[in-house]
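Work through these exercises with the model open beside you. Try each task before reading its solution.

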Amino acid sequence: MKTSIATVSISGDFQEKLSSIAAAGYDGLEIFENDFLAYDGGPKEVGQMIRDAGLEITLFQPFRDFEGMAEPHRARAFDRAERKFDVMQELGTDLMLICSNTSQAALGGIDRAADDLAELGERAAKRGLRVGYEALAWGRHVNDHRDAWEIVRRADHPSVGLILDSFHTLARKTDVDTIRSIPKDKIFIVQLADAPLIDMDLLYWSRHFRTMPGQGDLDVTGFMRAVAATGYDGVLSLEIFNDQFRGGSPKSISIDGRRSLLNLMDAVARSEPEIALTPPAMPAPISVSGIEFVEFTADEREAGELTGLFRSLGFSRAGRHVAKDVEVWRQGGINLVINTEKEGFAHSAYLMHGTSVCDIGLKVEDATATVARARALLADLFEQPTGPGELKIPAIRGVGGGVMHFIDDKTELSRVWEIEFKPVADDADAAGAGLTRIDHLAQTMNYEEMLTWTLFYTAIFDTAKMPMVDVIDPAGVVRSQAIESPDAALRLTLNGAENKRTLAGRFVSESFGSSVQHIAFQTEDLLATAEALAGNGFTALEIPANYYGDVEARFGLDPAFVATLRAHNILYDRDEHGEFFQLYSRLYGDGFFFEVVERRGGYRGYGAANAPFRTAAQQRLVRPKGMPRE
C-alpha cells in the first residue's frame with residue numbers, strides 16, 4: 001500500500017510541505033503546479049529535493065482545458081502539454097493529470113475527446129510519460145467517471161489511463177459499483193477526499209470544504225471497496241482543498257492525512273479481504289466499555305479546592321497511592337484522581353495548564369491491542385518510569401497533549417486500585433448523591449483542531465461521530481460534535497471555539513491549550529440527587545426564571561413539576577425517544593465545570609437546546625479579564 005498527498009493539501013512553503021510529508025511517512029507526493037511555480041528552484045532541483053527526502057513524485061497536476069477544443073485552441077493545448085512534459089522530465093515524474101474540460105470553448109463528443117487523448121498519449125509515450133484523465137464533477141461535457149472511462153477506453157492507448165477521485169464520484173452520487181468493472185491496469189492513480197454534506201455549488205464545495213477520509217460524511221469506504229475490487233494496487237493519494245488546512249500546521253495535517261488512509265484501508269480490508277492494497281496489520285477498532293478514571297493535576301492549595309468540590313458532589317476519598325502524592329475519589333463507578341506530584345508528566349501539565357484534567361483512563365477489552373492499533377495509526381506512545389508498587393499501564397498521548405491510559409480485565413490491570421492504592425477512611429467525606437457513572441466528557445479545543453480530534457477517536461476506537469450542532473454562546477458560536485461507541489458506553493463531546501470571547505474560547509485561551517472542560521455524571525433520579533447535593537453544600541448554576549416559563553409552554557409540562565425543576569435549577573429536554581434532565585455546577589478556575597444528568601427512556605442527545613441558556617448563565621459568572629481569583 002503506497003500513500004501520497006497533494007502539496008495543495010497542506011500549508012507552508014514548498015520546503016515546509018516536503019519535510020512534513022516525509023516526516024508523516026508517505027511514499028510520495030503530488031506536485032500541484034502552483035506550488036512548483038511559486039518555488040524559486042528549478043525542476044531538476046525540486047525533483048532531487050523530493051528524492052533526497054525519500055519520496056517519489058506520484059503525479060504532476062493539474063492540466064486544464066485540454067480535450068475537445070476547436071482550432072486554434074486545440075493546437076495551443078498540445079503546445080502547452082509539450083511544455084509540461086519538458087518540466088515533468090526534469091522533475092523526474094512520469095504521470096500528468098488532465099481534468100475534464102470546463103472551458104466554454106470546449107466541444108462535446110466522446111470520440112473527439114478520445115482522439116485528443118490518444119494523440120496526447122502517443123506524444124507522452126515517446127518521452128516515457130503517461131497521462132491520466134479525470135472527470136471533474138463540474139466538467140462542461142464530462143462530469144462522471146463512467147464517461148471518463150469510456151473516453152479512456154476508446155482512446156485505447158497504453159499511456160492513457162483513468163484517474164479516479166472519490167469527491168467527484170461521491171459528490172454527484174454516482175454509483176460506485178460501476179468502478180468494479182474497470183480494468184485495474186487502466187486506473188493510473190486514485191485520489192481520495194471526504195467532505196461534509198453541504199448543499200452548495202459543486203466547485204465551491206470542492207475548493208473549500210474537502211476533508212481527509214473519515215472526517216466528513218461521504219462514503220469514501222464504499223468508494224474504496226469498489227476500487228479495491230478491481231485489483232488495483234497502485235498509489236492512494238490525498239487531494240484536499242480546505243480553508244482550515246491552508247492555515248493549519250502542515251505537520252499535524254500531514255499526519256491526519258496518513259492516519260486517515262491507514263484507517264480507511266483497514267476498514268476496506270476487513271470488508272474486502274482479498275485485495276491487493278494491503279494495509280499494515282493492526283487490531284480491529286477498539287471497543288470501550290467505559291471511562292475508568294479522570295485524573296486532575298493540581299498543587300496542594302488547589303487540590304484542597306477540588307476535594308471540597310468533590311465532597312459537595314458526594315464523592316468520598318477512597319485511597320492514597322502507595323508511593324506518590326495521588327488520591328482517588330469515588331462514587332458509584334466513577335473514579336476521580338488528584339495528582340499533586342512535583343515531578344513527572346502530571347506536574348509538567350500543571351506548570352503548563354494549571355489545575356486541569358491531564359489523563360483519561362478508558363476501560364477496554366485488551367489494553368495491549370489498544371496501544372498497538374493506536375501506534376499503527378501514528379499515535380505517540382506514552383511512558384514514564386514506574387515506581388515501587390506501580391503497574392506499567394499501556395498509554396498513548398492524546399491529541400491535545402494529554403495522556404490516555406487503558407485498563408482491561410485480562411491482566412492485573414483490573415486490580416490497579418487494589419495494587420497501587422491504600423484504602424483510607426475520612427470522617428469528613430460527604431454522603432453519596434446517587435452518581436453512578438460518567439455520562440460523557442466534554443473536550444474543548446480551537447475549532448480548526450476539531451477534525452483532528454474527530455479522526456483520532458473514530459480511527460482508534462469503535463466509535464462514530466454524531467451530527468455537528470451549533471451552540472450559541474452570548475459571545476459567538478461554538479461547534480459541538482459528539483463521538484459515541486455503539487452502546488454509548490463511551491460518550492465524548494468535542495467543542496470547537498471560534499473566538500476567545502466565548503466560554504469555550506476563553507477556557508482554551510486561559511488554560512493554554514485544549515483540554516477536558518467539563519465532566520457529566522449520570523444519575524438515575526436527578527431530583528433526588530439534587531436534594532442530596534444541596535445537603536452536601538453543592539452550589540448549582542442559577543438558571544433564569546424566564547427559561548422555565550418557556551419550557552412549561554413548549555413541552556406542556558405540569559406547572560408544579562416545572563416549579564420543582566426551577567427550585568433545583570434543573571434544565572429539561574425531550575425528544576421522540578425520551579427525556580433529559582441537566583444540573584450544572586458553577587465555574588471552577590478558568591471555566592471548568594461539572595454536570596449531572598438523568599436520561600429517561602431512549603434519549604440519546606446532550607440537551608443542545610439548553611446550551612444557549614446554560615452558557616449565558618455561565619458567562620454572567622466569568623470574572624473580568626485581569627481580575628484575580630478570590
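**Exercise 1.** How many bridges join strand β9 to β12, and do the two run parallel or antiparallel?

*Solution.* This is a predicted model. Start at β9, residues 288-297. Four bridges join β9 to β12, and the two strands run parallel. Check one pair: threonine 297 has asparagine 339 in β12 as its bridge partner.

**Exercise 2.** Describe the pairing of β11 with β12.

*Solution.* Take β11, residues 326-331. Six bridges join β11 to β12, and these strands run antiparallel. Within this pairing, tryptophan 329 is matched with leucine 336 of β12. Now inspect the turn. Two residues separate the strands of the hairpin, and glycine 332 takes a positive phi near 55°.

**Exercise 3.** Are the faces of β12 buried or exposed?

*Solution.* Count first: six of the six residues in β12 (334-339) are buried. Then split by side. Ile334, Leu336 and Ile338 cover one face. Asn335, Val337 and Asn339 lie on the other. Both faces are covered.

**Exercise 4.** Trace the barrel and find where it closes.

*Solution.* Follow the eight strands from β1 to β8 in order; the pairing is parallel. Neighbouring strands are turned by 30° against each other on average, direction ignored. For the closure, look at β1 (2-6) and β8 (235-238), joined by four bridges. Isoleucine 5 has leucine 238 as its partner there.

**Exercise 5.** Which residues have the most contacts inside the largest nonpolar core?

*Solution.* This core has 90 residues, and the answer is Leu192, Phe223 and Met224. Helix α4 (73-91) gives the largest share, seven residues. Methionine 224 touches residues including Val190, Leu236 and Leu277.

Conventions: Residues numbered from 1 in each chain as written. Predicted model: local features only at pLDDT ≥ 70, side-chain atom pairs only at ≥ 80, totals over all residues. Heavy atoms only, no water. Pairing = 2+ DSSP bridges. Axes fitted to C-alpha atoms, helices over the stretch in contact; angles between N-to-C directions. Core = buried A, V, L, I, M, F, W, Y, C linked by side-chain atoms within 4.5 Å. Buried < 20%, exposed > 50% of the residue type's maximum accessible area, 1.4 Å probe, protein only. Contact = heavy atoms within 4.5 Å. Lists of a residue's contacts leave out its neighbours within four places in sequence.
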